[in-house]
Amino acid sequence: MPRRLVAPDAWRRRSCPSPFPPHHPRRSAQRIFEHDETIRDDTTLESLAKLPAQPGTTQMTAGNSTPLSDGSSAVVIASDATVAELGLRRWPGSSVHALEPGLMGIAPAWAMPKVITAAGIAPVEIGVWEVHEAFAAQALGVLREPSTQFKGFEIPDDRLDLNGDAVAVGHPFGASGTRYLLTLAISMRERNARYGVLGCVRGLGSRV
């Protein structure tokens, strides 16, 4: 199912990564800003299919590409001792992989298997996969590679980007990394998942 269609339901469940109190912008006191503007209740498969391709492409449309958006996010970094004291979950590791700069967006397909293998975790143990989706076509490219890396394993659709991804909720540059971590943490809490993995675009051919 396109992630644009699951994001509205995730917001209604308050599962979206940035629930915040209603805010009245200075320039328009009559408008209440209470959720990400790109989350739309009126999106359907039929309306997505009618959107024209972007210039210079054959299949990329406004419905399967990330929208222009603003945003902010923050995380708190804690020591192992504090994590243990508060009963928090520990970040088991990270990995970076680089391809040619022209191969935009697909290096997470190699970065994710690297960190999973280094952590000694089997891919079937991953309860939630959060895979950056700058464009739907780019995300599909990422999803094809793990079956090669993991000898036929394919990421289950019911564990992938459960609350919508950047195509649905936006991709504010400089904020998406920590936004993804919070989205992953919320999805893991909802699923009571022990392990989750995040594959994020960093820039050009490099990914983490």
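Ala, Val, Leu, Ile, Met, Phe, Trp, Tyr, Cys and Pro count as nonpolar, Asp, Glu, Lys and Arg as charged, and the others, Gly among them, as polar. Keep this at hand for Exercise 4. The model is a predicted one.

**Exercise 1. The overall fold**

Task: State how many helices and strands the protein has, and give their order.

Solution:
- Step 1. Count the elements. The protein has 8 helices and 5 strands.
- Step 2. Read along the sequence. The pattern is α-α-α-β-α-β-α-α-α-α-β-β-β.
- Step 3. Turn to contacts between residues at least 6 apart in sequence. Of these, 69% join residues at least 24 apart.

**Exercise 2. Inside and outside**

Task: Find what percentage of the residues is buried, and describe the exposed area.

Solution:
- Step 1. Apply the cut-off. A residue is buried when its relative accessible area is under 20%.
- Step 2. Take the share. Of the 208 residues, 39% are buried.
- Step 3. Look at the surface. About 12600 Å² is exposed, and carbon and sulfur atoms supply 56% of that area.

**Exercise 3. Helix α4 and the core**

Task: List the buried residues of α4, then work out which elements build the largest nonpolar core.

Solution:
- Step 1. Go to residues 108-118, which form α4. Pro-108, Ala-109, Ala-111, Met-112, Pro-113, Val-115 and Ile-116 are buried there.
- Step 2. Recall the geometry. An α-helix has 3.6 residues a turn, so residues three or four places apart point the same way.
- Step 3. Pick out the core. It has 15 residues, and those touching the most other members are Met-112, Ile-116, Ile-126, Trp-129, Val-131 and Val-197.
- Step 4. Assign elements. At least two core residues come from each of α4, β2 (126-131) and β3 (195-199). The largest share, 4 residues, belongs to α4.
- Step 5. Check for another core. One of 5 residues lies apart from the largest, with Val-128, Leu-162, Met-188 and Ala-193 among them.
- Step 6. Zoom in on Trp-129. Beyond its neighbours within four places in sequence, its contacts include Met-112, Ile-116, Phe-153, Ile-155 and Val-197.
- Step 7. Leave the helix. After α4 comes Gly-120, with a positive phi near 75°.

**Exercise 4. The largest pocket**

Task: Describe the volume of the largest pocket and the classes of residue in its lining.

Solution:
- Step 1. Take the volume. It is about 1500 Å³.
- Step 2. Find the lining. It has 44 residues, and Arg-89, Arg-90, Trp-91, Leu-181 and Leu-184 lie nearest the centre.
- Step 3. Sort by class. The lining has 29 nonpolar, 9 polar and 6 charged residues.
- Step 4. Trace the elements. α3 (80-86), α4, α8 (176-191), β3 and β4 (201-203) each give at least two lining residues. The largest share, 9 residues, comes from α8.

Technical notes: Residues numbered from 1 in each chain as written. Predicted model: local features only at pLDDT ≥ 70, side-chain atom pairs only at ≥ 80, totals over all residues. Heavy atoms only, no water. Buried < 20%, exposed > 50% of the residue type's maximum accessible area, 1.4 Å probe, protein only. Contact = heavy atoms within 4.5 Å. Areas by Shrake-Rupley, 256 points an atom, 1.4 Å probe, with all protein chains shown as cover. Core = buried A, V, L, I, M, F, W, Y, C linked by side-chain atoms within 4.5 Å. 1 Å grid on protein atoms, 1.4 Å probe; cavity = no way out; pocket = protein on both sides within 12 Å on 5 of 7 lines; lining within 4 Å. Points joined across faces, edges and corners; volume = space filled by probe spheres on them.
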